[in-house]
Amino acid sequence: MAPENEQRDAEATKAFLRQFSGSQRRILSFIQIFVPNSNEAEEILQETSTILWSKWSEFDASKDFLKWACGIARYEVFAYFRQKGRRCLLSDSVLNEIGEVAMHQIETQQRDQEIQQALSTCLESLNPEDQELMSERYRNEVSVDNLATQRSVSGRAIYKHLTRVREQLKRCIERKVGEEFAL
């Protein structure tokens, strides 16, 4: 094989492994919605991973890998049921609806994780005084009145300062996550 082909194959392998390893737990969780037995779910995950790899060249990188992988996993769950001769008491349309709800839940969890990571990063980027204020107010649950007393300022000044810092965090998170939301 030519060196450039080897390089291209190595890059494709790395890209696949990066996507798959980052999504593997969520794909397994999706499978377990249909197949709660962990050994069976792991078996289906293995088969799904093999198919994902074999179809990797067809994957459109502009699309969501997790959604694509869970779509393939859903077919593998159904194939597993057929192979084992199991009768499913639910119709295909109900199973598909369950799959859609599960995908929505997984996507929501993924979005929440991204926001949480962005919040952590943005909190670290605050100046030390603002970090301390946010920590005292929200982590230690110190009241605004107590914060005002500790800092010898008015409660109104604390509210204004907290509002400015929350707005700064909101803008930072929106830049990192790429969407607007309310704090």
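The exercises below concern the nonpolar cores and two loop residues of a predicted model.

Residues are numbered from 1 along each chain as its sequence is written. In this predicted model local features need pLDDT of at least 70 and side-chain atom pairs count only at pLDDT 80 or more, whereas totals for chains, interfaces and linings use all residues, and side-chain values use heavy atoms, with hydrogens and water left out.

**Exercise 1.** Determine which elements give two or more residues to the largest nonpolar core.

Step 1. A nonpolar core is a set of buried Ala, Val, Leu, Ile, Met, Phe, Trp, Tyr and Cys residues joined through side-chain atoms within 4.5 Å, where buried means under 20% relative accessible area, exposed over 50% and partly exposed in between (1.4 Å probe, protein chains only).

Step 2. The largest such core has 29 residues, and among those that touch the most other members are Phe 20, Ile 27 and Phe 65.

Step 3. The elements sought are helix 1 (3–34), helix 2 (38–54), helix 3 (65–83) and helix 4 (92–125), helices being DSSP runs of H or I with at least four residues, numbered from the N terminus. Helix 3 gives the most, with ten residues.

**Exercise 2.** Find where Glu 141 and Ser 152 lie, and state the sign of phi for each.

Step 1. Glu 141 belongs to the loop between helix 5 (128–139) and helix 6 (144–151), and Ser 152 to the loop between helix 6 and helix 7 (155–177).

Step 2. Although Glu 141 is not a glycine, its phi is positive, at about 55°; Ser 152, also a residue other than glycine, has a positive phi near 55°.

Step 3. Glu 141 counts as exposed at 65% relative accessibility, as does Ser 152 at 68%.
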